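Notebook open, coffee at hand. I wanted to look up a few things in this structure and jot them down as I went.

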Amino acid sequence: MLNDRAIQVGDLVQIIAWPCCGKHLGYIGTVSSFEEQNGSDGKCHDCRAHLGQMRGAWIGRGLCPVPYLKRIPPLSELEGERTQEQLKEPA
């Protein structure tokens, strides 16, 4: 499956989980860089809860832990995955 590759700079991603306040759930953005989560003090930018030390990705709203992101594949990757459904004749 093409969507299983690791998230890289330039990828479009969606925040699918959030460990504390949930403020950014559903946000979609482009990854601009990566750093260790503790480089930004390891806390949520909104509720200041401690997120721990893990790899984070900078997207439009700030630093997000990579495990809470899902990569959105570009349309060019999805074109090869199209399937044809068999249409049944009405009875």
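**Entry 1: a polar contact**

Which side chain does aspartate 11 join in a polar contact, and at what distance? I looked it up: the side chains of aspartate 11 and arginine 5 are joined by a polar contact of 2.9 Å. For my own record, a polar contact is a pair of N or O atoms within 3.5 Å; within protein, one must be able to donate a hydrogen and the other to accept it, and residues adjacent in sequence count only if both atoms are side-chain atoms.

A note on provenance before I go on. This is a predicted model, in which local features need pLDDT of at least 70 and side-chain atom pairs count only at pLDDT 80 or more, while totals for chains, interfaces and linings use all residues. Residues are numbered from 1 along each chain as its sequence is written, and side-chain values use heavy atoms, with hydrogens and water left out.

**Entry 2: around aspartate 11**

I placed aspartate 11 in the segment before strand 1; strands (E, at least two residues) are DSSP runs, numbered from the N terminus. Is aspartate 11 buried or exposed? Aspartate 11 is buried, because its relative accessible area is 9% and buried means under 20%, exposed over 50%, partly exposed in between (1.4 Å probe, protein chains only). Arginine 5 comes out as partly exposed, at 31%.

Next I listed the contacts, meaning heavy atoms within 4.5 Å. Leaving aside residues up to four places away in sequence, aspartate 11 touches Arg5, Ala6, Gly29, Thr30, Val31 and Arg71.

**Entry 3: salt bridges**

How many salt bridges does the structure hold? I found 2, a salt bridge being a side-chain nitrogen of Lys or Arg within 4 Å of a carboxyl oxygen of Asp or Glu. Aspartate 11 forms one with arginine 5, with the closest N and O atoms 2.9 Å apart. Arginine 71 forms one with aspartate 11, where the closest N and O atoms are 3.5 Å apart. Arginine 71 lies in strand 6 and aspartate 11 in the segment before strand 1, so this pair ties together parts that are 60 residues apart in sequence. I also noted that arginine 71 and aspartate 11 are both buried. Arg5, Asp11 and Arg71 are thus written down as linked in a network of salt bridges.

**Entry 4: the sheet with strand 1**

I then followed the chain into strand 1, residues 12–15, where the side chains alternate. Val13 and Ile15 point to one face and are buried, whereas Leu12 and Gln14 point to the other and are not.

Which strands make up this open sheet? There are 3, in the order 2-1-6, with antiparallel pairing; two strands pair if DSSP finds at least two bridges between them. Strand 2 and strand 6 are the edge strands, each pairing on one side only. The twist averages 35° from one strand to the next, with axes as lines fitted to C-alpha atoms and angles running from 0 to 180 degrees between N-to-C directions.

Strand 1 pairs with strand 2 (residues 28–30) over 3 bridges. In strand 2, glycine 29 is the bridge partner of valine 13, and isoleucine 28 is that of glutamine 14. Strand 6 (residues 69–72) is joined to strand 1 by 4 bridges, and there leucine 69 stands opposite isoleucine 15.

**Entry 5: the sheet 3-4-5**

My last look was at an open sheet of 3 strands in the order 3-4-5, its pairing antiparallel. Strand 3 (33–36) and strand 5 (62–65) are its edges, and the twist averages 40° from one strand to the next. Strand 4 (residues 55–59) and strand 5 are joined by 4 bridges, with isoleucine 59 opposite glycine 62.
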